[in-house]
Amino acid sequence: MLKTTIKNLLLTVLLFLFFSSVFAQKKLKSYGEIKEEYPHENRIKLKKKIELTITFEDQIPVVREKSYEQFLYLKNMKGFNPELSAYSSEFKKLIEFEANTYVWKNNKYNKLPVKKYNKIKSFDNSTFFDDVEEYVFTFPGIAEGSIVELNTQHLMNDPHFLDTYLVNDFLPVEEYEFVVICDSRIEIEFILKNFTNPSDSITAIKGKKKTIYQFKKQKLEGGKFEKHQSNVHYFTPHIIPIIKSYTLNDKKTIVLNSIESLHRLYSSFLKNLNDNVDSIAIQQIVNQMITSKMNEFEKVEQLYQWVQSNIKYIAIEDGMSGFIPQNANQVLNQRFGDCKGKSNLLLNLINQAGIKAYYTWIGTRDIPYSYSEIYTPHADNHMIVTYIYNNQYYFLDATGNHQTMEIPTSFIQGKEALISIDSLHFEIKTVPVVKAQYNQETDSISLEWDGKELLGKGNKMAQGYPGKNLLYLINSDNQKELKDDLERLLQIGNNKFVLTNFHSLTNDDFAPSVHLQYQFTLNSYISSVEDELFMNMNLNRELLEYRLEVDQQHPFQLDNTISQDFLIKLKIPETYGTEYLPQNTNFSSADFSYSITYAQSKDEITYHYQLKVDKIYFEKTDFEQWNRLINALEKSFKETIILKRSNEN
């Protein structure tokens with residue numbers, strides 16, 4: 001005990017001395033004080049500092065970013081070797097780095113430079129190309145009181161592509177500092193996203209040649225990872241610097257100061273893109289897919305389906321290739337492309353048919369920004385094609401599978417689309433969220449008990465996104481994987497569900513609805529106690545996975561709206577009668593509802609479950625009502641029917 005006390009005292013003194021060189025605080029804290037403040041934490045972030053220096057090189061604003069991070073381990077981490085990573089790409093090139101561990105040994109702190117690291121190239125079986133390199137530093141031998149630090153310097157040589165900076169994430173932060181030293185001829189703006197304290201702001205000290213911008217915070221709470229939460233940028237405070245313009249030799253150059261400037265930037269990526277397109281090769285596909293008897297909508301539909309079926313999607317994020325589409329002929333010849341390349345080919349096919357369509361930039365639902373709020377490339381990460389027919393906008397995402405004209409890919413629902421009419425003009429339109437009625441999923445199941453297990457037959461119909469997901473599975477070339485995937489998708493009751501047979505009645509890859517018949521067994525599901533059988537007919541309880549914790553803070557999203565209608569009929573075993581049927585239950589609100597009903601005929605019990613959720617994005621104000629739905633469902637799902645053996649005399 002005495003030995004431990006002396007060790008902690010020495011550790012406190014040495015940490016105090018170390019902190020005095022790390023922090024420029026009025027009141028320095030000892031290790032003991034810090035440990036007492038975070039009794040439940042394994043580690044905290046002692047310091048996070050970002051320093052941007054923006055100067056001119058070759059008459060262009062260039063950004064050098066220095067990052068300093070230090071972590072303190074508050075518990076014995078025996079056997080744990082933490083890793084920190086630094087990244088390098090064409091837009092943000094890593095030019096310097098230093099990694100160190102400060103280890104308590106022989107009554108003092110010893111600085112151990114980390115000299116070994118792994119350099120990983122993002123490359124995945126030829127299906128993903130990325131210019132990002134990851135440098136992974138491992139810090140071995142971490143124990144209580146150990147400190148690790150990673151210092152990096154990056155160069156950003158394009159003023160359009162600055163980073164975003166999270167102030168804190170899931171670790172408490174003792175001190176955070178964000179500093180920008182900027183040439184005064186450069187106009188810069190800072191957007192503070194998800195800050196709740198009105199006093200939080202960037203301070204500026206203006207000089208004749210330089211302006212220093214600074215943001216400081218201390219004692220930042222760590223975030224809590226929550227189930228089904230949205231991307232951290234929806235709720236975590238972060239800073240978005242934007243270079244709006246710069247002035248050299250009395251000439252002002254706009255960088256990014258509006259949606260118009262963003263559209264001009266994107267339009268520059270399309271300049272001369274299709275100058276050398278081989279129209280003969282494009283025309284051959286058009287002639288193959290459309291006829292004069294088709295109306296304009298049907299022609300676009302055929303070309304859209306052809307690109308989905310014949311051009312493989314491969315993500316390409318290699319420098320400017322992450323922004324400039326590949327030539328249409330290149331995509332056509334190689335039979336693969338990313339979202340930009342596939343969109344460019346689709347647009348060329350449509351134009352070759354004499355029909356107008358438009359390049360469109362859009363953010364997936366991982367991105368929380370609108371164009372009016374963030375007019376930088378951070379507002380989007382995806383390209384599609386927009387087609388307008390009878391004043392209705394169709395958002396064609398050629399990276400999808402089995403996508404029909406009417407339904408956009410699920411991950412762009414509710415997002416703003418930047419539609420390029422021409423190099424000077426654009427429109428902003430919001431992709432609609434597909435209503436629940438178009439995502440109808442029905443299943444009619446008949447059950448029979450053979451004394452050991454339930455034998456079932458299902459007749460499933462699905463449209464909208466459930467239909468697309470089912471189509472994707474049943475079009476698999478690998479029959480073993482197909483059976484396993486379908487078994488996971490169809491699983492009901494318990495984990496002893498076994499799919500014994502299935503047959504798809506849908507042969508069209510772009511059918512509006514999918515029809516699947518299947519057979520299964522369900523073992524150990526009916527409980528037998530003396531002369532009674534107990535069975536829970538609520539075979540589908542997947543929505544309970546979306547129960548929110550009482551203290552849930554972060555918004556969450558569903559993949560799509562839901563409309564389910566399940567009808568289950570159980571044949572009553574011979575010599576048994578019905579002892580107990582649960583009461584019918586229901587719940588209804590503006591955005592979601594359910595009903596469960598039970599009925600009995602002479603030899604059959606019918607269970608009918610209907611669920612509707614007409615909302616995909618849930619904020620904190622929605623949580624109470626959502627949990628009311630989940631609680632009501634859970635209570636209903638606990639109900640069982642009871643069958644009793646008849647007396648035989």
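How many bridges join β31 to strand β35, and do the two run parallel or antiparallel? There are 10 bridges between β31 and β35 (residues 604–613), and these strands run antiparallel. The model is a predicted one. The points below cover strand β31 and its partners, helix α9, the residue Asn627, and the cysteines.

**Strand β31 and its partners**
- Strand β31 spans residues 562–571 and is mostly covered, with 7 of its 10 residues buried.
- Besides its antiparallel pairing with β35, β31 pairs with strand β24 (residues 440–449) in the parallel sense, over 9 bridges.
- One bridge on the β24 side links Glu448 to Lys571 of β31.
- On the β35 side, Leu570 has Ile605 as its bridge partner.

**Helix α9**
- Helix α9 covers residues 479–490, which makes 12 residues.
- At 1.5 Å a residue this helix should span 16 Å, and its end C-alpha atoms are 16 Å apart, so the expected and modelled values agree.
- The buried residues of α9 are Leu482, Leu486, Glu487 and Leu490.
- These buried residues cover an arc of only 130° around the axis, and therefore lie on the same side of α9.
- The face turned away from that buried side carries Lys480 and Arg488, which are exposed.
- The elements that the buried residues of α9 pack against are α8 (464–474) and the strands β25 (453–463), β26 (497–504) and β27 (513–523).

**Asn627 in helix α10**
- Asn627 sits in helix α10, which runs over residues 620–637.
- With a relative accessible area of 15%, Asn627 counts as buried, because the cut-off for that label is under 20%.
- Leaving aside residues up to four places away in sequence, Asn627 touches Arg547, Leu548 and Glu549.
- For Leu548 there is a polar contact: the side chain of Asn627 reaches the backbone oxygen of Leu548 at 3.2 Å.
- Asn627 and Phe71 are 556 residues apart in sequence, and their C-alpha atoms are 37 Å apart in space.

**Cysteines**
- A disulfide is a covalent bond between the sulfur atoms of two cysteines.
- How many disulfides does a search of the whole structure find? The search finds 0.
- Cys182 is buried, with a relative accessible area of 1%.
- Cys339 also counts as buried, at 7% relative accessibility.

Technical notes:
Residues are numbered from 1 along each chain as its sequence is written. This is a predicted model: local features need pLDDT of at least 70, side-chain atom pairs count only at pLDDT 80 or more; totals for chains, interfaces and linings use all residues. Side-chain values use heavy atoms; hydrogens and water are left out. A disulfide is a pair of cysteine sulfur atoms within 2.5 Å. Buried means under 20% relative accessible area, exposed over 50%, partly exposed in between (1.4 Å probe, protein chains only). Helices (H or I, at least four residues) and strands (E, at least two) are DSSP runs, numbered from the N terminus. Contact means heavy atoms within 4.5 Å. A polar contact is a pair of N or O atoms within 3.5 Å; within protein, one must be able to donate a hydrogen and the other to accept it, and residues adjacent in sequence count only if both atoms are side-chain atoms. The expected span of a helix is 1.5 Å times one less than its number of residues. The arc is that of the directions from the helix axis to the C-beta atoms. Two strands pair if DSSP finds at least two bridges between them.
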